[in-house]
Amino acid sequence: MEKIIDIEDRIPSMRKKRRRKANMSFLLLVVIFVLVLLALLYFQSSLSDVSNISINETVLHEGEEYKDQSGLYKGQSLWGFRAKDIEKNIKKIPGVKDAQVNRDFYNDVSIHVTEWEPVAFIENKGQYDLLLENGERLETTDPDILSHAPILSGFTDPEVTERMINELQMMDSTVFELLSELRYQGEEKIDVFMSDGYEVHAVILGFADKMSYYPDIIAQLPKEEKGVLDIEIGVYFKTYTDFYKEPVPIDVEIPQPTEESNATKNKPVDVETNKEEESEQKTEEN
């Protein structure tokens, strides 16, 4: 026989469930209220202010210059700026390839700057600018900004300069570090002065590939005297003595004029004069 439960017996359990549900709702409202209150207190206090700005190690500019140009400063609200806007400000600085701004734990901001790689110094009106891998020139007051970089002279055409940059970037680092100066001679030809004392005559096209054999070629040359290595078409070598030797003067005897030659020189003039006199006399007689 089915057991019948009286409604009066069920009322206490229903009341408990309702009371528990009401308590949970109230507790949830209290938690939300507390979180909102804490958030308001956080944004209104110094806890939400930027306390530290860090930046990675850079070469082209000092870290403080990047911080100043970014628009960030200590004490401003950590949530009062857009990271994309700060990145745009940094990218406007010459030599910057990319920038990333991140909000770190608590109230720190980190900036990571990627710079265009410098490849050489380039002559500019008696001074030397830093030449970057994208072809951009950057004025610098610090000649030791790079541990090693060759000097480019005579490169005035941007397209020629770009081709030269591409070749330098493809070079082996051990050979690249031996480059001291590259002088453009026109028609894609360059004279390269090496730090080991040799001089190389080459063309821009294929320069990196040909220079990869430079250590092997130098190892086969005589050690008595250094000189000029020509790799424009084949591979030729001449010592400095043979390449830059002065031409030997040759004594040439110049024949001195004689009286006979003077008389011969003057004779046509005399004859011509006599003819003129004779023609004048004939005219007078007529």
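Which strands and which helix do the buried residues of H2 pack against? In this predicted model, the setting for that question is a chain of 286 residues, 28% of which count as buried. Its secondary structure amounts to nine helices and 12 strands. Among contacts with a separation of 6 or more, 48% link residues that stand 24 or more positions apart. The chain exposes an accessible surface of about 20,800 Å², and carbon and sulfur atoms contribute 53% of this area.

Helix H2 spans residues 63–70, and its buried members are Gly63, Tyr66, Lys67 and Ser70. These residues lie on the same side of H2, because the arc they cover around the axis is only 100°. The partners of this buried set, to return to the opening question, are strand E1 (52–55), helix H3 (83–91), strand E2 (96–103) and strand E3 (108–115). Just after H2 comes Gly71, a residue with a positive phi near 95°.

A second site worth a visit is Ser212, found in the loop that joins helix H6 (207–211) to helix H7 (214–220). Is Ser212 buried, partly exposed or exposed? With a relative accessible area of 36%, Ser212 is partly exposed, since that class lies between the 20% limit for buried and the 50% limit for exposed residues. The side chain of Ser212 places a polar atom 2.4 Å from the backbone oxygen of Asp209. Ser212 also has a neighbour from elsewhere in the sequence: Met171 is 41 residues away along the chain, yet the C-alpha atoms of the two residues are 7.1 Å apart.

Key:
Residues numbered from 1 in each chain as written. Predicted model: local features only at pLDDT ≥ 70, side-chain atom pairs only at ≥ 80, totals over all residues. Heavy atoms only, no water. Helix = DSSP H or I, 4+ residues; strand = E, 2+ residues; numbered from the N terminus. Buried < 20%, exposed > 50% of the residue type's maximum accessible area, 1.4 Å probe, protein only. Contact = heavy atoms within 4.5 Å. Areas by Shrake-Rupley, 256 points an atom, 1.4 Å probe, with all protein chains shown as cover. Arc of directions from axis to C-beta. Polar contact = N/O pair within 3.5 Å; in protein donor to acceptor, adjacent residues only side chain to side chain.
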